[in-house]
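Trainee: Got a minute? I'd like to walk through this model with you.
Mentor: Sure, let's have it on screen.
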Amino acid sequence: MSDPFFRIHTLGCKVNQYESQEIRERLLEAGMREAAPGRKADLYIVNTCTVTRKADKDSLYAIRRSHREDPGASIVATGCMAEFGAGILRKEPGVRMVIKNRDKAKISARIIKDFLPSGKGISFFEGRTRAFLKVQDGCNNFCSYCIVPHVRGSSRSKPVLQILEESRRLIANGYREIVLTGICLGAYGRDLKRGMSLAGVIERMQELPGLKRIRISSIEAKDVDDGLIRCLRWPGKLCRHMHIPIQSGDDDILAAMDRRYTRRDYLDLIARLKKACPDIAITTDVLVGFPGEEERNFLNTLDLVRRIEPLRTHIFPYSPRPNTKAYALRKAVALDIVRDRLKRMSEAADDCARNYQQKRLSSVMDVLMETPSKDHPGEWEGYTDTYMKVVFRSRKRLSNNIISLRLKKLIGNKIMAVLP
Ligand code: SF4
(Lines give C-alpha, C1' and ligand atoms only; values in the text may rest on other atoms or scores of the structure.)
Protein backbone atom coordinates (compact mmCIF):
# COMPACT_ATOMS: atom_id res chain seq x y z
CA MET A 1 0.00 0.00 0.00
CA SER A 2 1.67 3.27 -1.02
CA ASP A 3 0.77 6.36 0.96
CA PRO A 4 -2.48 4.92 2.28
CA PHE A 5 -5.18 7.24 3.57
CA PHE A 6 -6.53 6.89 7.07
CA ARG A 7 -9.41 8.39 9.01
CA ILE A 8 -9.87 8.48 12.77
CA HIS A 9 -13.20 8.52 14.58
CA THR A 10 -12.90 9.45 18.24
CA LEU A 11 -15.56 8.94 20.88
CA GLY A 12 -15.57 9.91 24.52
CA CYS A 13 -13.26 11.97 26.65
CA LYS A 14 -10.38 14.37 26.09
CA VAL A 15 -7.90 11.63 26.90
CA ASN A 16 -9.21 9.66 23.94
CA GLN A 17 -8.93 12.79 21.80
CA TYR A 18 -5.34 13.23 22.89
CA GLU A 19 -4.53 9.60 22.15
CA SER A 20 -6.16 9.82 18.73
CA GLN A 21 -3.95 12.80 18.02
CA GLU A 22 -0.89 10.80 19.07
CA ILE A 23 -1.89 8.04 16.64
CA ARG A 24 -2.54 10.63 13.90
CA GLU A 25 0.89 12.17 14.25
CA ARG A 26 2.71 8.84 14.21
CA LEU A 27 0.83 7.75 11.09
CA LEU A 28 1.50 11.06 9.33
CA GLU A 29 5.17 10.88 10.25
CA ALA A 30 5.24 7.40 8.78
CA GLY A 31 4.01 8.74 5.45
CA MET A 32 0.32 7.93 5.67
CA ARG A 33 -2.16 10.64 4.76
CA GLU A 34 -5.32 11.67 6.53
CA ALA A 35 -8.38 11.41 4.32
CA ALA A 36 -10.14 14.73 3.80
CA PRO A 37 -13.93 14.76 4.32
CA GLY A 38 -15.63 13.03 1.42
CA ARG A 39 -12.52 11.11 0.39
CA LYS A 40 -12.36 7.36 0.84
CA ALA A 41 -9.90 5.97 3.35
CA ASP A 42 -7.97 2.69 3.32
CA LEU A 43 -7.85 2.44 7.07
CA TYR A 44 -10.28 3.57 9.76
CA ILE A 45 -9.28 3.84 13.38
CA VAL A 46 -12.22 3.95 15.74
CA ASN A 47 -11.21 5.04 19.23
CA THR A 48 -14.15 3.76 21.28
CA CYS A 49 -15.70 4.71 24.61
CA THR A 50 -17.64 2.52 27.04
CA VAL A 51 -18.50 4.91 29.84
CA THR A 52 -22.25 4.44 29.33
CA ARG A 53 -24.46 2.07 27.39
CA LYS A 54 -25.00 4.87 24.89
CA ALA A 55 -21.23 5.26 24.44
CA ASP A 56 -21.05 1.55 23.49
CA LYS A 57 -23.84 2.06 20.97
CA ASP A 58 -22.20 5.16 19.49
CA SER A 59 -18.88 3.31 19.18
CA LEU A 60 -20.51 0.45 17.27
CA TYR A 61 -22.32 2.98 15.13
CA ALA A 62 -19.00 4.67 14.22
CA ILE A 63 -17.58 1.29 13.19
CA ARG A 64 -20.62 0.44 11.06
CA ARG A 65 -20.61 3.86 9.46
CA SER A 66 -16.92 3.46 8.59
CA HIS A 67 -17.67 0.09 6.99
CA ARG A 68 -20.59 1.57 5.06
CA GLU A 69 -18.47 4.49 3.84
CA ASP A 70 -15.89 2.14 2.48
CA PRO A 71 -16.60 -1.61 2.65
CA GLY A 72 -13.09 -2.41 1.38
CA ALA A 73 -11.28 -0.53 4.14
CA SER A 74 -9.71 -2.08 7.22
CA ILE A 75 -11.00 -0.98 10.57
CA VAL A 76 -8.89 -0.93 13.71
CA ALA A 77 -10.94 -0.63 16.91
CA THR A 78 -9.27 0.57 20.07
CA GLY A 79 -10.18 2.50 23.23
CA CYS A 80 -12.13 1.61 26.33
CA MET A 81 -14.77 -0.60 24.68
CA ALA A 82 -11.94 -2.80 23.38
CA GLU A 83 -11.26 -3.97 26.96
CA PHE A 84 -14.47 -5.85 27.76
CA GLY A 85 -16.16 -5.65 24.37
CA ALA A 86 -13.35 -7.02 22.14
CA GLY A 87 -15.50 -10.04 21.21
CA ILE A 88 -18.37 -7.81 20.08
CA LEU A 89 -16.06 -5.47 18.15
CA ARG A 90 -14.28 -8.32 16.35
CA LYS A 91 -17.59 -9.58 14.96
CA GLU A 92 -18.27 -6.27 13.21
CA PRO A 93 -17.73 -6.44 9.43
CA GLY A 94 -14.52 -4.72 8.37
CA VAL A 95 -12.82 -4.89 11.78
CA ARG A 96 -9.36 -6.37 11.22
CA MET A 97 -7.78 -5.59 14.53
CA VAL A 98 -8.89 -4.80 18.08
CA ILE A 99 -6.24 -3.13 20.19
CA LYS A 100 -6.72 -2.84 23.93
CA ASN A 101 -6.03 0.37 25.84
CA ARG A 102 -2.85 -0.95 27.39
CA ASP A 103 -1.44 -1.54 23.87
CA LYS A 104 -2.79 1.70 22.44
CA ALA A 105 0.60 3.43 22.52
CA LYS A 106 1.80 0.79 20.07
CA ILE A 107 -1.13 1.04 17.69
CA SER A 108 0.70 3.07 15.04
CA ALA A 109 3.72 0.77 15.32
CA ARG A 110 1.43 -2.16 14.75
CA ILE A 111 -0.08 -0.50 11.72
CA ILE A 112 3.27 0.52 10.31
CA LYS A 113 5.70 -2.12 11.37
CA ASP A 114 8.77 -0.95 13.18
CA PHE A 115 7.80 2.64 13.16
CA LEU A 116 8.67 5.34 15.71
CA PRO A 117 8.95 4.48 19.38
CA SER A 118 5.76 5.06 21.29
CA GLY A 119 5.07 7.85 23.76
CA LYS A 120 6.66 10.64 21.79
CA GLY A 121 3.65 12.80 22.48
CA ILE A 122 2.06 15.30 20.17
CA SER A 123 2.84 18.64 18.56
CA PHE A 124 -0.40 19.88 17.01
CA PHE A 125 -4.16 19.54 17.19
CA GLU A 126 -6.15 19.55 13.99
CA GLY A 127 -8.36 22.62 13.83
CA ARG A 128 -7.97 23.71 17.43
CA THR A 129 -6.56 26.66 19.27
CA ARG A 130 -6.47 24.87 22.61
CA ALA A 131 -4.15 21.91 22.81
CA PHE A 132 -4.91 18.99 25.10
CA LEU A 133 -1.93 17.50 26.81
CA LYS A 134 -2.38 14.13 28.48
CA VAL A 135 -0.30 14.06 31.64
CA GLN A 136 -1.92 11.15 33.44
CA ASP A 137 -3.83 7.97 32.65
CA GLY A 138 -5.84 5.47 34.70
CA CYS A 139 -7.66 5.79 38.00
CA ASN A 140 -7.42 4.14 41.44
CA ASN A 141 -10.69 5.48 42.80
CA PHE A 142 -13.16 2.80 41.73
CA CYS A 143 -16.30 4.86 42.18
CA SER A 144 -18.98 2.20 42.40
CA TYR A 145 -20.72 3.10 39.11
CA CYS A 146 -17.67 3.69 36.97
CA ILE A 147 -16.14 1.35 34.42
CA VAL A 148 -13.12 3.55 33.76
CA PRO A 149 -10.62 2.08 36.31
CA HIS A 150 -11.50 -1.38 34.94
CA VAL A 151 -10.68 -0.41 31.36
CA ARG A 152 -7.89 2.13 31.90
CA GLY A 153 -5.97 0.47 34.75
CA SER A 154 -4.28 2.17 37.70
CA SER A 155 -2.98 5.73 37.73
CA ARG A 156 0.19 6.49 35.75
CA SER A 157 1.77 9.94 35.41
CA LYS A 158 3.89 11.41 32.66
CA PRO A 159 7.26 12.70 33.96
CA VAL A 160 7.41 16.46 34.24
CA LEU A 161 10.34 16.82 31.82
CA GLN A 162 8.32 15.08 29.13
CA ILE A 163 5.36 17.36 29.84
CA LEU A 164 7.57 20.42 29.51
CA GLU A 165 9.11 19.16 26.28
CA GLU A 166 5.70 18.44 24.78
CA SER A 167 4.44 21.85 25.94
CA ARG A 168 7.38 23.58 24.26
CA ARG A 169 6.56 21.78 21.00
CA LEU A 170 2.93 22.84 21.19
CA ILE A 171 3.91 26.44 21.98
CA ALA A 172 6.37 26.45 19.08
CA ASN A 173 3.48 25.39 16.85
CA GLY A 174 1.48 28.42 17.95
CA TYR A 175 -0.69 27.11 20.78
CA ARG A 176 -1.37 29.63 23.49
CA GLU A 177 -3.53 27.52 25.72
CA ILE A 178 -2.72 24.03 26.96
CA VAL A 179 -5.41 21.96 28.63
CA LEU A 180 -3.98 19.39 31.01
CA THR A 181 -5.97 16.21 30.71
CA GLY A 182 -6.01 12.89 32.44
CA ILE A 183 -8.46 10.29 33.62
CA CYS A 184 -7.86 11.26 37.25
CA LEU A 185 -5.67 14.36 37.06
CA GLY A 186 -5.55 14.89 40.81
CA ALA A 187 -3.67 11.61 41.23
CA TYR A 188 -0.83 13.10 39.21
CA GLY A 189 2.61 12.32 40.59
CA ARG A 190 1.59 9.80 43.26
CA ASP A 191 3.02 6.92 41.24
CA LEU A 192 6.29 8.65 40.41
CA LYS A 193 9.43 8.41 42.53
CA ARG A 194 10.10 11.89 43.88
CA GLY A 195 7.10 12.87 41.78
CA MET A 196 5.78 16.37 41.61
CA SER A 197 2.19 17.26 42.38
CA LEU A 198 -0.07 18.71 39.70
CA ALA A 199 0.50 22.16 41.25
CA GLY A 200 4.25 21.62 40.84
CA VAL A 201 3.80 20.83 37.15
CA ILE A 202 1.66 23.93 36.67
CA GLU A 203 4.28 26.09 38.40
CA ARG A 204 6.93 24.79 36.00
CA MET A 205 4.67 25.32 33.00
CA GLN A 206 3.90 28.89 34.07
CA GLU A 207 7.57 29.67 33.36
CA LEU A 208 7.34 28.63 29.70
CA PRO A 209 7.63 31.68 27.47
CA GLY A 210 4.86 32.05 24.90
CA LEU A 211 2.33 30.04 26.86
CA LYS A 212 -0.59 32.24 27.89
CA ARG A 213 -3.03 29.87 29.49
CA ILE A 214 -3.02 26.56 31.32
CA ARG A 215 -6.36 24.90 31.98
CA ILE A 216 -7.16 21.84 34.06
CA SER A 217 -9.68 19.66 32.27
CA SER A 218 -11.26 18.01 35.32
CA ILE A 219 -10.29 17.29 38.90
CA GLU A 220 -11.88 15.46 41.81
CA ALA A 221 -12.93 17.57 44.82
CA LYS A 222 -10.69 15.59 47.17
CA ASP A 223 -7.65 16.30 44.99
CA VAL A 224 -7.85 20.10 44.95
CA ASP A 225 -5.10 21.03 47.43
CA ASP A 226 -3.70 24.32 48.76
CA GLY A 227 -0.90 24.28 46.18
CA LEU A 228 -3.41 24.21 43.36
CA ILE A 229 -5.51 26.95 44.94
CA ARG A 230 -2.35 29.07 45.21
CA CYS A 231 -1.75 28.60 41.46
CA LEU A 232 -5.09 30.34 40.83
CA ARG A 233 -3.67 33.68 41.97
CA TRP A 234 -4.60 36.18 39.31
CA PRO A 235 -3.21 37.46 36.99
CA GLY A 236 -1.53 34.17 36.34
CA LYS A 237 -1.52 31.52 33.66
CA LEU A 238 -3.79 28.99 35.31
CA CYS A 239 -7.31 29.66 34.06
CA ARG A 240 -9.83 30.64 36.72
CA HIS A 241 -11.93 27.64 35.84
CA MET A 242 -12.20 24.26 37.50
CA HIS A 243 -14.29 21.32 36.44
CA ILE A 244 -15.04 19.48 39.68
CA PRO A 245 -17.60 16.68 39.37
CA ILE A 246 -20.33 16.72 42.04
CA GLN A 247 -22.19 13.57 40.88
CA SER A 248 -24.55 13.84 43.86
CA GLY A 249 -25.29 16.38 46.57
CA ASP A 250 -26.61 13.76 48.96
CA ASP A 251 -24.34 12.08 51.50
CA ASP A 252 -26.08 8.68 51.35
CA ILE A 253 -25.81 8.55 47.57
CA LEU A 254 -22.23 9.83 47.63
CA ALA A 255 -21.36 7.01 50.05
CA ALA A 256 -23.10 4.44 47.82
CA MET A 257 -21.14 5.85 44.89
CA ASP A 258 -17.86 5.43 46.88
CA ARG A 259 -17.02 9.06 46.14
CA ARG A 260 -15.06 9.63 49.38
CA TYR A 261 -16.27 13.16 50.06
CA THR A 262 -19.39 14.62 51.56
CA ARG A 263 -21.68 17.41 50.53
CA ARG A 264 -20.07 19.57 53.26
CA ASP A 265 -16.56 18.82 51.90
CA TYR A 266 -17.65 19.94 48.45
CA LEU A 267 -19.32 23.13 49.70
CA ASP A 268 -16.27 23.99 51.84
CA LEU A 269 -13.97 23.50 48.87
CA ILE A 270 -16.03 25.78 46.64
CA ALA A 271 -16.11 28.41 49.40
CA ARG A 272 -12.29 28.27 49.64
CA LEU A 273 -11.93 28.51 45.88
CA LYS A 274 -14.29 31.47 45.63
CA LYS A 275 -12.48 33.21 48.48
CA ALA A 276 -9.10 32.74 46.78
CA CYS A 277 -10.42 33.58 43.34
CA PRO A 278 -13.79 35.40 43.37
CA ASP A 279 -14.41 35.13 39.62
CA ILE A 280 -13.66 31.42 39.39
CA ALA A 281 -16.00 29.48 37.12
CA ILE A 282 -17.00 26.06 38.36
CA THR A 283 -18.22 23.48 35.88
CA THR A 284 -19.38 20.09 36.99
CA ASP A 285 -20.90 16.66 36.29
CA VAL A 286 -24.07 15.33 37.89
CA LEU A 287 -25.33 11.77 37.80
CA VAL A 288 -29.10 11.41 37.97
CA GLY A 289 -31.01 8.25 38.88
CA PHE A 290 -28.31 6.31 40.75
CA PRO A 291 -29.92 3.11 42.18
CA GLY A 292 -31.92 3.96 45.27
CA GLU A 293 -31.98 7.72 44.58
CA GLU A 294 -35.19 9.01 46.12
CA GLU A 295 -36.78 12.40 45.70
CA ARG A 296 -35.18 13.73 48.89
CA ASN A 297 -31.72 12.62 47.69
CA PHE A 298 -32.29 14.25 44.35
CA LEU A 299 -33.48 17.48 46.00
CA ASN A 300 -30.18 17.63 47.90
CA THR A 301 -28.29 17.44 44.59
CA LEU A 302 -30.51 20.09 43.06
CA ASP A 303 -29.89 22.32 46.06
CA LEU A 304 -26.12 21.80 45.93
CA VAL A 305 -26.01 22.69 42.24
CA ARG A 306 -27.98 25.88 42.90
CA ARG A 307 -25.61 26.85 45.71
CA ILE A 308 -22.49 26.24 43.64
CA GLU A 309 -23.87 28.09 40.62
CA PRO A 310 -21.82 26.25 37.98
CA LEU A 311 -21.18 27.85 34.63
CA ARG A 312 -21.81 24.49 33.00
CA THR A 313 -23.33 21.29 34.31
CA HIS A 314 -23.03 18.05 32.39
CA ILE A 315 -25.96 15.92 33.43
CA PHE A 316 -25.85 12.17 32.89
CA PRO A 317 -28.53 9.59 33.57
CA TYR A 318 -27.13 6.63 35.51
CA SER A 319 -26.09 3.86 33.12
CA PRO A 320 -25.55 0.40 34.61
CA ARG A 321 -22.17 -0.99 33.56
CA PRO A 322 -21.45 -4.70 33.99
CA ASN A 323 -18.33 -5.38 36.12
CA THR A 324 -18.94 -2.37 38.38
CA LYS A 325 -19.98 -2.59 42.03
CA ALA A 326 -23.17 -0.59 41.46
CA TYR A 327 -24.29 -3.03 38.76
CA ALA A 328 -25.34 -5.46 41.48
CA LEU A 329 -27.44 -2.84 43.26
CA ARG A 330 -31.15 -3.27 42.98
CA LYS A 331 -33.60 -0.38 43.38
CA ALA A 332 -33.27 1.00 39.87
CA VAL A 333 -35.04 4.34 39.49
CA ALA A 334 -38.00 4.21 37.11
CA LEU A 335 -37.32 5.70 33.69
CA ASP A 336 -40.08 8.35 33.85
CA ILE A 337 -38.73 9.55 37.20
CA VAL A 338 -35.20 9.76 35.77
CA ARG A 339 -36.52 11.77 32.83
CA ASP A 340 -38.36 14.16 35.09
CA ARG A 341 -35.25 14.66 37.26
CA LEU A 342 -33.05 15.22 34.22
CA LYS A 343 -35.41 17.94 33.10
CA ARG A 344 -35.49 19.66 36.49
CA MET A 345 -31.72 19.43 36.81
CA SER A 346 -31.23 20.85 33.36
CA GLU A 347 -33.50 23.84 34.20
CA ALA A 348 -31.48 24.50 37.36
CA ALA A 349 -28.23 24.20 35.39
CA ASP A 350 -29.48 26.75 32.84
CA ASP A 351 -30.44 29.20 35.61
CA CYS A 352 -27.02 28.82 37.22
CA ALA A 353 -25.18 29.37 33.93
CA ARG A 354 -27.26 32.47 33.21
CA ASN A 355 -26.68 33.90 36.70
CA TYR A 356 -22.95 33.36 36.57
CA GLN A 357 -22.64 35.00 33.16
CA GLN A 358 -25.01 37.87 33.84
CA LYS A 359 -22.97 38.91 36.86
CA ARG A 360 -19.95 39.30 34.58
CA LEU A 361 -21.62 41.46 31.95
CA SER A 362 -20.01 44.87 31.34
CA SER A 363 -16.61 43.67 32.59
CA VAL A 364 -13.58 43.62 30.28
CA MET A 365 -11.90 40.25 29.82
CA ASP A 366 -9.29 38.65 27.61
CA VAL A 367 -10.77 36.29 25.06
CA LEU A 368 -8.80 33.67 23.13
CA MET A 369 -10.53 33.72 19.75
CA GLU A 370 -10.99 30.30 18.18
CA THR A 371 -13.15 29.92 15.09
CA PRO A 372 -15.60 31.85 12.91
CA SER A 373 -19.19 31.33 14.01
CA LYS A 374 -20.89 28.56 12.03
CA ASP A 375 -24.30 30.20 12.20
CA HIS A 376 -23.42 33.89 11.85
CA PRO A 377 -20.92 34.91 9.18
CA GLY A 378 -18.69 37.79 10.28
CA GLU A 379 -18.69 36.69 13.90
CA TRP A 380 -15.87 34.99 15.77
CA GLU A 381 -16.13 32.80 18.82
CA GLY A 382 -13.68 32.35 21.64
CA TYR A 383 -13.38 31.74 25.36
CA THR A 384 -12.43 33.73 28.43
CA ASP A 385 -10.08 32.02 30.85
CA THR A 386 -13.24 31.49 32.93
CA TYR A 387 -14.65 29.42 30.06
CA MET A 388 -17.41 31.78 29.02
CA LYS A 389 -18.12 31.53 25.31
CA VAL A 390 -17.81 34.96 23.72
CA VAL A 391 -18.88 36.16 20.28
CA PHE A 392 -17.26 39.18 18.61
CA ARG A 393 -18.03 40.76 15.25
CA SER A 394 -14.98 41.38 13.08
CA ARG A 395 -13.89 41.23 9.46
CA LYS A 396 -10.35 40.29 10.43
CA ARG A 397 -9.13 36.73 10.86
CA LEU A 398 -8.94 36.42 14.61
CA SER A 399 -8.20 32.77 15.19
CA ASN A 400 -5.65 32.29 18.01
CA ASN A 401 -5.57 35.99 18.99
CA ILE A 402 -6.16 37.08 22.54
CA ILE A 403 -8.29 40.24 22.59
CA SER A 404 -9.55 42.35 25.46
CA LEU A 405 -13.30 42.74 25.09
CA ARG A 406 -16.20 44.19 27.00
CA LEU A 407 -18.88 41.61 27.70
CA LYS A 408 -22.10 43.18 26.54
CA LYS A 409 -25.09 40.92 26.23
CA LEU A 410 -26.04 37.34 26.94
CA ILE A 411 -27.65 35.57 23.98
CA GLY A 412 -28.45 31.93 24.69
CA ASN A 413 -25.27 30.42 26.08
CA LYS A 414 -22.96 32.98 24.42
CA ILE A 415 -21.95 36.49 25.32
CA MET A 416 -21.81 39.20 22.66
CA ALA A 417 -18.75 41.38 23.23
CA VAL A 418 -17.41 44.67 21.85
CA LEU A 419 -14.11 46.53 21.99
CA PRO A 420 -13.85 48.27 25.36
S1 SF4 B 1 -12.68 9.20 39.80
FE2 SF4 B 1 -14.43 7.83 39.88
S3 SF4 B 1 -15.71 8.54 38.17
FE4 SF4 B 1 -13.67 9.38 37.79
S5 SF4 B 1 -12.66 7.86 36.47
FE6 SF4 B 1 -12.10 7.37 38.59
S7 SF4 B 1 -13.62 5.84 39.20
FE8 SF4 B 1 -14.44 6.87 37.38
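Trainee: How far apart are the centres of domain 2 and domain 4?
Mentor: Taken over C-alpha atoms, the two centres are 26 Å apart. Keep in mind that this is a predicted model.
Trainee: And how many residues does each side put into the contact?
Mentor: Domain 2 gives 10 residues and domain 4 gives 13 residues.
Trainee: Where do the domain bounds fall?
Mentor: Domain 1 covers 5–111 and domain 2 covers 123–239. Domain 3 runs over 243–360, and domain 4 over 364–418.
Trainee: Let's go to the N-terminal end. What is the strand order in the open sheet of 5 strands?
Mentor: The order is 2-1-3-4-5, and the pairing is parallel.
Trainee: Which strands sit at the edges?
Mentor: Strand 2 (33–34) and strand 5 (95–99). Each of them pairs on one side only.
Trainee: How many bridges link strand 1 and strand 3?
Mentor: There are 5 bridges, in the parallel sense, between residues 5–10 and residues 43–48. Within that pair, Thr10 faces Asn47 of strand 3.
Trainee: What does helix 1 touch?
Mentor: Helix 1 (residues 14–29) packs on the sheet and touches strand 1, strand 2 and strand 3. Its direction makes about 175° with that of strand 1.
Trainee: And where does helix 2 lie?
Mentor: Helix 2 (residues 53–69) lies across strand 1, strand 3, strand 4 and strand 5. It runs at about 170° to strand 3.
Trainee: New topic: strand 12 and strand 13. Parallel or antiparallel?
Mentor: Parallel, with 6 bridges joining residues 281–288 to residues 312–317. Asp285 stands opposite His314 there.
Trainee: Is the crossover between them right-handed or left-handed?
Mentor: Right-handed: the chain leaves strand 12, passes through helix 12 (residues 295–308) and reaches strand 13.
Trainee: Now helix 13. Why should it span 38 Å?
Mentor: Helix 13 has 26 residues (335–360), so at 1.5 Å a residue the expected span is 38 Å. Its end C-alpha atoms are 38 Å apart, which agrees.
Trainee: Which of its residues are buried?
Mentor: Among them are Val338, Arg341, Met345, Ala348, Cys352 and Tyr356. An α-helix has 3.6 residues a turn, so residues three or four places apart point the same way.
Trainee: What do the buried residues of helix 13 pack against?
Mentor: Strand 12, helix 12, strand 13, strand 17 and strand 18.
Trainee: What phi does Ser362 take?
Mentor: A positive one, about 80°, just after helix 13.

Note on methods. Residues are numbered from 1 along each chain as its sequence is written. This is a predicted model: local features need pLDDT of at least 70, side-chain atom pairs count only at pLDDT 80 or more; totals for chains, interfaces and linings use all residues. Side-chain values use heavy atoms; hydrogens and water are left out. Two strands pair if DSSP finds at least two bridges between them. Helices (H or I, at least four residues) and strands (E, at least two) are DSSP runs, numbered from the N terminus. A crossover is right-handed if, with the strands pointing away from the viewer, the path from the first strand over the helix to the second runs clockwise. The expected span of a helix is 1.5 Å times one less than its number of residues. Buried means under 20% relative accessible area, exposed over 50%, partly exposed in between (1.4 Å probe, protein chains only). Contact means heavy atoms within 4.5 Å. Axes are lines fitted to C-alpha atoms, for helices over the stretch in contact, and angles run from 0 to 180 degrees between N-to-C directions. Domain bounds come from an automatic or database domain assignment.
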